[in-house]
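Student: I would like to learn how to read cavities and aromatic contacts in a model. Could we go through one together?

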Amino acid sequence: MRVAVSDAGGTVLNQYGAHQRTSSGTPSLPWAVYLAGIDRRYRLLAFDLDAKTTEAADAAARDADTIAGLLSDAGLSPVICASGPSGGRHVWAALADSVDADTVATLARLSRHLCPTLDLAPLTNPATGCVRPPGAPHRAGGVSTVLFGDLDELITPTGTADQVRGLVEHLSTLVGAMEPTGTLHLHRPLPLDDHGRPYLPGPRRELPAASKTALSEDGAAGDASAVLWRVLIGAAYARWKYSDIAALVPTSPGLEHLRTYRLSTGTATLRVRRDPRDVAATLARQWAKAVTHVATSPRQIGDDPTFDARADTIASHIRALQERADATAGRWTHGRGPADRRILDVLSVLALQAMKTDLEADTRRLGLLAGIGRETARVALLRLSADGWIAKARDAEGPHAAHWQIGPHLDIHRKADPGRSQADPRPEGAGAAERITLLRTLTTRTHACAHDAFTLGQGLGLLAGNLYARITFTPQPLTDLAAETGTPLSHAAKLLDRLTEAGLLIHSPTGWRRHTTDRRRAAAQRLETDGRLADRAARYQVERELWAWWQAEQAWMQASRRTAPSRRAGPGQLTLTPELGTNAYGAHPRRADGKADYRRARWLLATGQAPTRRTRNHQSLSRMQAA
């Protein structure tokens, strides 16, 4: 056990001394028992639900009931205790088997996703994790008292490791059901290729087995449109692009629906060959539909037995990076540190979405997602690289932005748990659920701080936004908020006062909390910053389109005469397989002397008179909906 220590005046502290054994009765001071043995395997589960305020005590009681219900459903026997006079709860379960630390840590993180008052420390640190058991005194008075359950269940345990793994699998299902749809981008449309066709970012993979089979299936022998759909959703899931499918249209049996259509006569059903424009239009329409379907489905589409393991790997990597960043909280509170942390969080979100640590990330996109300008984002990338948080993997080239390696000094491969044996299989779905919890946490945090109210100048500032993003709907004391953000107490107090004066927080004797309704826009309107980020996004969109237009023009000019088309397709014209250098814009404007007319190109894009890729995609979706 570990026994609490006291200061020189005899006041009992919320700190516990070194490991000790006793055979002479229980100590008079608060004491706690280890949850894991010296082999780092857990034999006790103790869910410590904190309650530092009246509101938090109500939430802890609700969370305790939730966890006890989950334990009961898994076949375990929970014991709920009132930990002391503050209203906190401890939920216990004892195991006849031992469980590896990795599985228990996953159990804790997934439980925290559903029950936010849970303290992760005891269940994620097998070396020192300990909790006061029933009957142990509390430093503020009273003892831990059983509210529900039979204490004998802890003395003569019957729980098994299989039941714990089953609980993790059940939690994985619950967390997966909570995954927000369309998480590939933070409130942004799907990315488009140079010809305005949508795609999902990420490395291209092999087609899922069902889609590969459909690609070779004779579509003309049955429902050709259903066969095509199986191919397209698998291709979208595997991060293929429109051009990859277009190249297979002439030869693949499963794409018969693109080459021909069914025509019923009075006596027979025939398949009639489509003209090239109809082929291109049909593929464009069905491809946009398939990509949208995959992007907005809560479950991954396709047959990928490696997904859970890959999700587990990237989640472990990003979690280690975030824990390292949180451990150096002071790094992000002064100078340009707040902007740096926003960029690090955005890169973490993108890595979790793409499920890889090597990312192509342009400064405009990063700036918009983080709620800062492109130059601020560019400088933040350089500072993060200089400090070892990221590393440039590849320089920008042509239309492609620079590639950045996230957490280059962290081991991307999961380190084996020394307490895990072949009898400790990873619970099914745990990796995917761990990724979802991280993605949801970081996405919510990023969205909270990237707002007009927290812009520079007349706004409340980046650090105030970062602090606001970590405040919950339950009151939190100043000391906790200052420690979590690494901000000195005096500075944190000033920021909290400003946020309260702006109408964003409520201050009570127990701490600060958010309003139940979002009041950021009202604050931005009072600060006269409303619309700043939208204006910036519109300006960056024109700049992106202008750059892409000129890059496409250069590709056309540099193409050899054998490959360059003698006449480029006009704006809005469809072709099945895109020609080198052609695009959705048409020819770039020229001055009388033949040089590029950038001013007119910008004017055409800004006024909507040039068919941008976004306009082209909107027209394609409109045709799809009309069909």
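Tutor: We take the enclosed cavities, then the aromatic pairs, then the charges over rings. This is a predicted model, so local features need pLDDT of at least 70 and side-chain atom pairs count only at pLDDT 80 or more, while totals for chains, interfaces and linings use all residues. Residues are numbered from 1 along each chain as its sequence is written, and side-chain values use heavy atoms, with hydrogens and water left out.

Student: How many cavities of 30 Å³ or more are there?

Tutor: On a 1 Å grid over the protein atoms alone, a cavity is a set of points where a 1.4 Å probe fits but cannot get out. Grid points are joined across faces, edges and corners, and the volume is the space filled by probe spheres set on the points. The count here is 6 cavities of 30 Å³ or more, and the largest has a volume of about 180 Å³.

Student: Which residues lie nearest the centre of the largest cavity?

Tutor: Lining residues have an atom within 4 Å of a point. The largest cavity has 17 of them, with Trp332, Arg341, Asn466, Arg470 and Thr485 nearest its centre. Helices are DSSP runs (H or I, at least four residues) numbered from the N terminus; H16 gives the most to this lining, with 4 residues. The lining divides into 7 nonpolar, 3 polar and 7 charged residues, where Asp, Glu, Lys and Arg count as charged, Ala, Val, Leu, Ile, Met, Phe, Trp, Tyr, Cys and Pro as nonpolar, and the others, Gly among them, as polar.

Student: What describes a pair of aromatic rings?

Tutor: The distance of the centres and the angle of the planes. Rings of Phe, Tyr and Trp (its six-membered ring) pair if their centres lie within 6.5 Å; planes under 30 degrees apart count as stacked, over 60 as edge-to-face and the rest as tilted. The count here is 3 aromatic pairs. Phe454 and Tyr468 have ring centres 5.3 Å apart and planes at 40 degrees, so they form a tilted pair. Phe454 is in the loop between H15 and H16, and Tyr468 is in helix H16, 14 residues apart.

Student: Is Phe454 buried or exposed?

Tutor: Buried means under 20% relative accessible area, exposed over 50%, partly exposed in between (1.4 Å probe, protein chains only). Phe454 is buried, at 0%, and Tyr468 is buried, at 4%.

Student: Which residue lies over the face of Tyr468?

Tutor: A charge sits over a ring if NZ of Lys or CZ of Arg is within 6 Å of the ring centre and within 35 degrees of the ring normal. Arg514 lies over the face of Tyr468, 4.4 Å from the ring centre.

Terms used:
1 Å grid on protein atoms, 1.4 Å probe; cavity = no way out; pocket = protein on both sides within 12 Å on 5 of 7 lines; lining within 4 Å. Helix = DSSP H or I, 4+ residues; strand = E, 2+ residues; numbered from the N terminus.
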